[in-house]
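Please open the structure in your viewer and keep the sequence panel beside it, since the tour moves from the whole chain to individual selections.

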Amino acid sequence: MDFITNLAAYVIPFVIVLTIIVFVHELGHYWVARRCGVRVEVFSIGFGRELFGWNDRHGTRWKISAIPLGGFVKFFGDADATSNADNTAVAAMSDAERRVSFHHQPLGARTAIVAAGPVANFIFAILIYAGLFSLVGQPFTPPVVGSVVEGGAAEAAGLMPGDRILSADGTEIQRFEELRAFVGLRAETPIDFRILRDGEELSITVVPQRVDVADGLGGTQRVGQIGIRTAGVEFVRHDPATAVVQAVRETWQVVANTFTYLGRIVAGRESGDQLSGPLGIAKMSGDVAKASWLGLVSLMATLSVAIGLINLFPVPMLDGGHLLFYGVEALRGRPLGERAQEYGFRIGFALVLSLFLFATWNDLNRLPIFNFLTGLFS
């Protein structure tokens, strides 16, 4: 009984969060497709065998499927869940059918339909952040040095208590939380700080030290730290307009930090062992849900941004891969050939599967999974 209770504490929050994010993503595709006059045959949350579903008056099958790790919208003319064309059926369509077929829509309409999923994820995240910042408050601690850790990078560079960080490598810093995130992704990399000290602006270069900190998943995470502390965290409630502005800024920070981390991996400055897969996200969701439902809502916003961003990567099979093909079509004046698209989707499937397996392997090594599973049975 304890095992069932512990398992539910992780699985239920994970499934709820992922289901909502996937629903929002697919709803973006669905809504724009309907506005463009495209017939939507299937709207599925999850993959595999259908658990239950219903048909609406437009003929769309809405269903919940057995594997809750994603979802898809299948348009009229699609051969499968990845929106590959059923070329035989497409070629044999009547004029009336062509008008509601996804693959007979103008390039602009197809682009809008595909891009709508990730865009919906970004909008959803902004709405969540704005709601939290209006109703609960935003962590908004001024980026002022409260104390300097002895022997740390800040002390070596000459930072002093009372210094206010204005910018880092030209990026404006409004909050201590932004400073922490910026520094955390730049271990052992010089950062040019613009600071305000006694009314005078100064430039100081600091090289963050690489340290291991608890990641909240039972393991550690290597991040950059400069060795300064603030007096404490403040929560500032914003009016709706300011909350939206700060929500957009927060969403952009998630995107920018993701690109920074991926760029450092490519440059060989970071390893990819911090990437999380389904097990890691499930563990994180359960732990956050135990601590606070507000934390779970905030995590949902962050994951929504991440899923929207990942889907924009130019990898065939993802939305970004379709957009890449449409870009090539715009340049060539005609679509890529069937064989080129087929090979592209095969490569894309291999890349997505490899990333999934790599992230899952990280989870197994980092949780550590055996301790996690032992905890479920305890």
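**The whole chain, then two stops**

Begin with a surface on the whole chain, which exposes about 19,200 Å², with carbon and sulfur atoms supplying 63% of that area; accessible areas come from the Shrake-Rupley method with a 1.4 Å probe, and for residues only the protein chains shown count as cover. This is a predicted model, in which local features need pLDDT of at least 70 and side-chain atom pairs count only at pLDDT 80 or more, while totals for chains, interfaces and linings use all residues. Residues are numbered from 1 along each chain as its sequence is written, and side-chain values use heavy atoms, with hydrogens and water left out.

Switch to a cartoon to see twelve helices and twelve strands, which are DSSP runs (helices H or I, at least four residues; strands E, at least two) numbered from the N terminus. Of the 378 residues, 42% are buried, meaning under 20% relative accessible area with a 1.4 Å probe, protein chains only.

Next select G46 in strand β1 (residues 40-55), where the relative accessible area is 0% and G46 is therefore buried. Leaving aside residues up to four places away in sequence, G46 touches S65, I67, P68, G70, G71 and F72, a contact being heavy atoms within 4.5 Å. A distance drawn between the C-alpha atoms of G46 and I64, 18 residues apart along the chain, reads 6.2 Å.

Finally, select T189, in the loop between α6 (176-184) and β7 (191-197). Is T189 buried or exposed? T189 is buried, because its relative accessible area is 15%; beyond residues up to four places away in sequence, T189 touches V206, V207, P208, R264 and R269.

Conventions. Buried < 20%, exposed > 50% of the residue type's maximum accessible area, 1.4 Å probe, protein only.
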